[in-house]
Amino acid sequence: MQTGTGSADGLLECDLVMKGGITSGVVYPLALVELARRYRFRSVGGSSAGAIAAAAAVAAEYGRQTGATAEGAGFAGLAALPASLGERLPDGRSRLGSLFQPSRRTRPVLEALLGAARGRSAAGKVARALAPLVLAAPGCWVALAGLLLAGAVGALAARQEGAAAAIAVALSAVAVLVLSALGAIAMSGAAALGAIAANGLGVCSGFAPPGGDRPPPLTPWLHGLIQRLAGTREVLTLGDLERHGLRLEVTTTSVTHQRPFRLPLHPDDPVFFFREAEFRALFPGEVVDRLVEAGRAEEAERRARTDGRRVRLPAHDPSLVLFPRGPGLPVVVLARMSLSFPLLLGAVPLYGVDWTRKRNQRRRARPELERAWFSDGGICSNIPIHFFDAALPTRPTFAIDLREQHPDHPLGAWLPANNASGIAQRWHRLGEGRAAPLRFLAAVVTTMQTWVDEMQLAAPGYRDRIVHVSHAADEGGLNLEMPPEVIERLAARGAAAGERLRDRFRWEDHRWIRFRSLLDVMQRYVAPTWTAHAPGTAGRAALLELLEAHRGRRGSYPVTGPQADCARAALQGVDRLVEATAATGGDLTERAPRPAPELRARPRV
């Protein structure tokens with residue numbers, strides 16, 4: 001049991017990170033409820049569907065801390081969520097499936113995606129994906145014309161005298177049929193691509209104006225859920241969370257920059273703007289109003305304390321508003337920018353300056369803002385387990401991982417039971433047959449996407465705090481129309497995952513593993529390097545000369561007097577560490593936790 005940081009009401013404190021998985025996210029509500037029986041959430045994050053769960057978690061915690069008593073508030077409201085998602089609507093769809101509403105032009109593409117998800121074999125997936133696209137205009141008319149023409153040529157072949165003539169005409173009929181089919185596929189594919197491009201690079205935008213009898217799509221539904229769980233009528237923002245000691249962070253991916261970003265943006269990140277009209281087509285009006293208010297206020301503050309050159313709006317386009325990175329950022333905006341599953345949900349456009357272009361580097365030139373597309377956070381990091389981490393943590397950062405079913409184990413939730421558990425790498429077999437090359441290409445893409453996450457999950461000090469929830473092929477993912485009983489099964493596994501973390505995690509063991517790993521890293525990376533920079537060496541003299549050369553305002557990255565004194569003290573501290581290691585003869589790398597971690601500098605994400 002944890003003996004570290006606790007709260008006034010007797011609950012322990014924890015952070016939490018959740019993995020993306022589209023509809024597999026139905027695992028999370030009951031897992032959060034079970035964890036909340038012992039823990040108070042402080043920092044919560046995730047990617048894609050995990051970001052939605054993170055937003056729901058901080059909203060429910062906010063409702064608990066503010067004493068919200070309205071129906072649906074707090075973790076009681078979260079506990080009712082799986083049943084609500086499995087509810088059947090008058091049109092026969094589940095509420096979960098109704099969240100993904102395509103435009104008229106992209107409906108065939110959604111049917112193709114769902115058909116591919118339901119197909120059992122590779123051929124079945126292709127057939128189910130092509131059928132709705134070909135049947136959609138203009139492909140169906142090309143196919144129909146081809147069938148009619150092939151039939152006419154076939155009838156002509158039946159009247160021909162002589163076998164050679166009949167065979168020639170029959171082969172012509174087959175050629176017409178094949179070319180017509182290929183033409184239908186090509187035209188339908190082109191129409192689908194055009195429809196997706198016109199819909200914000202997605203089949204579904206996630207938003208529709210209120211009105212009519214249709215159920216709310218994803219973003220209005222999510223906004224309503226966050227408000228109910230928090231028990232507030234005002235748009236819930238990061239500032240509201242901060243006032244109650246809560247933090248929300250999610251990943252998103254700028255495919256324009258080909259890199260992930262963490263939201264809210266860091267001061268070192270580029271400055272971005274949003275176009276109000278475009279955001280009103282993606283978010284409820286009150287959310288955009290709050291976003292515009294926060295953006296204008298933050299822009300005014302920036303201009304007041306700097307010359308404002310890099311945040312000045314172009315004079316010809318006042319519709320662009322600074323994208324805020326401060327407390328005024330609505331929670332639902334973070335969740336939606338992380339959940340933008342490629343093609344299924346439209347990307348979110350922001351605007352920034354390409355400082356590599358010469359026209360933007362000229363003095364007194366007004367920088368040109370260009371559109372940058374932000375898509376799903378899971379593209380680069382589907383389970384950002386590095387969030388909220390520290391070398392020596394004061395509270396645990398749990399994580400919930402989603403996995404396909406292992407061939408030797410039943411469906412369920414699994415938490416490593418000892419130091420030897422969770423080290424072995426899982427295999428993803430390609431199988432045999434003609435579909436193997438396609439599975440190979442899919443595995444290549446998955447490997448590029450997840451290799452960092454996969455290795456991090458097995459690291460010491462990480463694997464003991466990650467619970468894994470398995471699901472079958474017909475559960476989660478793109479299975480948007482899961483029956484209520486399937487949703488119930490997934491939610492029950494989530495509850496089991498929460499119980500395992502709540503009851504089986506050993507805080508003292510975790511702290512010792514982190515401490516032991518830190519000692520190992522310090523000796524492996526500091527001591528060997530310091531030999532060339534020990535007192536009295538040329539390396540030490542060079543370091544001290546550099547320090548003096550950059551004191552004050554001289555050179556690049558100068559240091560102040562107090563900073564220089566601090567640097568000298570740090571050098572002396574490392575000297576004592578190396579001397580103590582040599583004097584004791586102890587080797588902290590022996591019997592240290594494995595696999596051994598690597599210390600390297602990398603940009604913050």
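A residue counts as partly exposed when its relative accessible area lies between the buried limit of under 20% and the exposed limit of over 50%. In this predicted model, V578 has a relative accessible area of 26% and is therefore partly exposed. V578 sits in helix α20, which spans residues 561-584. Beyond its neighbours within four places in sequence, V578 is in contact with A527 and W530. A further relation links V578 to M522: the two are 56 residues apart along the chain, and their C-alpha atoms are separated by 9.8 Å.

S340 offers a useful second case. This serine is found in the loop that runs between α14 (331-338) and β8 (343-345). Is S340 buried or exposed? With a relative accessible area of 0%, S340 falls under the 20% limit, so S340 is buried. The side chain of S340 makes a polar contact with the side chain of R336, at 2.8 Å. Leaving out residues up to four places away in sequence, S340 also touches L345, G346 and V348, along with F374, S375 and D376.

At the level of the whole chain, the model contains 20 helices and 13 strands. The protein chain has 605 residues, and 46% of them count as buried. Among contacts with a separation of 6 or more, 76% are between residues 24 or more positions apart. The accessible surface of the chain comes to about 30,300 Å², and carbon and sulfur atoms account for 59% of that area.

Attention now turns to empty space. Rolling a probe the size of a water molecule over the atoms reveals where such space is left. The second largest pocket holds about 1,400 Å³ of space. Its lining is made up of 40 residues, and those nearest the centre of the pocket are Q456, Y462, E598, R600 and R602. By class, the lining has 25 nonpolar residues, seven polar residues and eight charged residues.

Which elements supply at least two residues each to the lining of this second largest pocket? Those contributing at this level include β5 (259-263), α16 (436-457) and α18 (507-530). Helix α16 provides the largest share of the lining, with eight residues.

Definitions and conventions. Residues are numbered from 1 along each chain as its sequence is written. This is a predicted model: local features need pLDDT of at least 70, side-chain atom pairs count only at pLDDT 80 or more; totals for chains, interfaces and linings use all residues. Side-chain values use heavy atoms; hydrogens and water are left out. Helices (H or I, at least four residues) and strands (E, at least two) are DSSP runs, numbered from the N terminus. Buried means under 20% relative accessible area, exposed over 50%, partly exposed in between (1.4 Å probe, protein chains only). Contact means heavy atoms within 4.5 Å. Accessible areas come from the Shrake-Rupley method with a 1.4 Å probe; for residues, only the protein chains shown count as cover. On a 1 Å grid over the protein atoms alone, a cavity is a set of points where a 1.4 Å probe fits but cannot get out, and a pocket is an open set with protein on both sides within 12 Å along at least five of seven lines; lining residues have an atom within 4 Å of a point. Grid points are joined across faces, edges and corners, and a volume is the space filled by probe spheres set on the points. Ala, Val, Leu, Ile, Met, Phe, Trp, Tyr, Cys and Pro count as nonpolar, Asp, Glu, Lys and Arg as charged, and the others, Gly among them, as polar. A polar contact is a pair of N or O atoms within 3.5 Å; within protein, one must be able to donate a hydrogen and the other to accept it, and residues adjacent in sequence count only if both atoms are side-chain atoms.
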